[in-house]
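Hello,

Here is the structure we spoke about handing over. Please have a look at it, then read the notes below.

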Amino acid sequence: MDRLGDIRDAALELFTRKGFEATTMSDIGAAVGMRAPSLYKHVASKQDLLAQIMVATMENLLAAHRTAVANVSDPVERLRRATEAHVRYHARHRLEAFVGTREIRGLTEPHRSRVLDLRAEYEACFRAVVQAGVDAGVFRVDSVRLASYAILDLGMGVAVWYRADGEHPEDAVVWQYSEFALRLVGAHRP
């Protein structure tokens, strides 16, 4: 049994449902069948749990992005694959996405700076893909930064409404959102 994993999962669900501030260590302990003081054998604090969740989310997004664009030089295909990885992650990890977006205010230093640095690195990855497309003459945008923000928002929005048992299968959503991203940057072949 992965006790720390169970504790993180319970914290993630509670942070999503109740919010970080309203969740107590007693709530987390009750969710995993432990008394709150026993949790401290596994985690340093509620703050540490939030930081672990948020850092892992950003590190997983960065890893998925790097894998998606590895060995792909065509800017159109790079953006398609990066967007697909981004959307797929948000469809499959809705709670992490929700907590990662909403609970940044709950982080204290040095955790807050670490997560903000990872977020900036992730946005810069998308900005670099869009900039490469502009430089190659296959994307047309007035602001590379705003285009990257808009593409990131597309994926983050999926976490709000997507359900695996819903009307749209994951693959269809991923494909359609990658098409939206390509339209957003005015992708075309020279």
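**The pocket**

The largest pocket has a lining of 18 residues. Nearest its centre are Met 58, Thr 101, Arg 119, Tyr 122 and Met 156. Bear in mind that this is a predicted model. The space in the largest pocket comes to about 340 Å³.

Which helices supply at least two residues each to that lining? They are α4 (46-69), α5 (75-92), α6 (94-102), α7 (111-135) and α8 (144-161). Sorted by class, the lining residues are 9 nonpolar, 5 polar and 4 charged.

**The overall fold**

The protein has 9 helices and 0 strands. Along the sequence the pattern reads α-α-α-α-α-α-α-α-α. If you are setting up a box, the C-alpha atoms fill one of roughly 65 × 40 × 25 Å along the principal axes.

**Helices α8 and α9**

Helix α8 also supplies at least two residues of the pocket lining. Its partner here, α9, covers residues 170-184. The axes of the two helices come within 10 Å. They cross at roughly 155°. Angles over 145 degrees count as roughly antiparallel, so α8 and α9 are roughly antiparallel to each other. The crossing of α8 past α9 is right-handed.

**The annotated region**

One annotation comes from the UniProt record, an unreviewed entry. It is labelled "DNA-binding region" and covers residues 24-43. In the model, that span is 55% helix and 0% strand. The C-alpha atoms at its two ends lie 13 Å apart.

**Two backbone details**

Both of these sit in loops, and both are worth a look in your viewer.

- Where is the cis peptide bond? It joins Glu 109 and Pro 110, with omega at about 5°. Pro 110 is in the loop between α6 and α7. Those two helices each supply at least two residues of the pocket lining.
- Asn 71 has a positive phi, near 60°, and is a residue other than glycine. Asn 71 lies in the loop between α4 and α5. Helices α4 and α5 likewise each supply at least two lining residues.

**In short**

The protein is built from 9 helices and 0 strands. Its largest pocket holds about 340 Å³ of space, and 18 residues line that pocket. Helices α8 and α9 are roughly antiparallel. The cis bond is at Glu 109 and Pro 110, and the positive phi is at Asn 71.

Best wishes

Terms used
Residues are numbered from 1 along each chain as its sequence is written. This is a predicted model: local features need pLDDT of at least 70, side-chain atom pairs count only at pLDDT 80 or more; totals for chains, interfaces and linings use all residues. Side-chain values use heavy atoms; hydrogens and water are left out. UniProt positions are given in the numbering used here, feature names are shortened, and annotations may be inferred rather than shown by experiment. Helices (H or I, at least four residues) and strands (E, at least two) are DSSP runs, numbered from the N terminus. On a 1 Å grid over the protein atoms alone, a cavity is a set of points where a 1.4 Å probe fits but cannot get out, and a pocket is an open set with protein on both sides within 12 Å along at least five of seven lines; lining residues have an atom within 4 Å of a point. Grid points are joined across faces, edges and corners, and a volume is the space filled by probe spheres set on the points. Ala, Val, Leu, Ile, Met, Phe, Trp, Tyr, Cys and Pro count as nonpolar, Asp, Glu, Lys and Arg as charged, and the others, Gly among them, as polar. Axes are lines fitted to C-alpha atoms, for helices over the stretch in contact, and angles run from 0 to 180 degrees between N-to-C directions. Angles under 35 degrees count as roughly parallel, over 145 as roughly antiparallel, 65 to 115 as roughly perpendicular and the rest as oblique. A crossing is left-handed if the near helix is turned anticlockwise from the far one by less than a right angle, and right-handed if clockwise.
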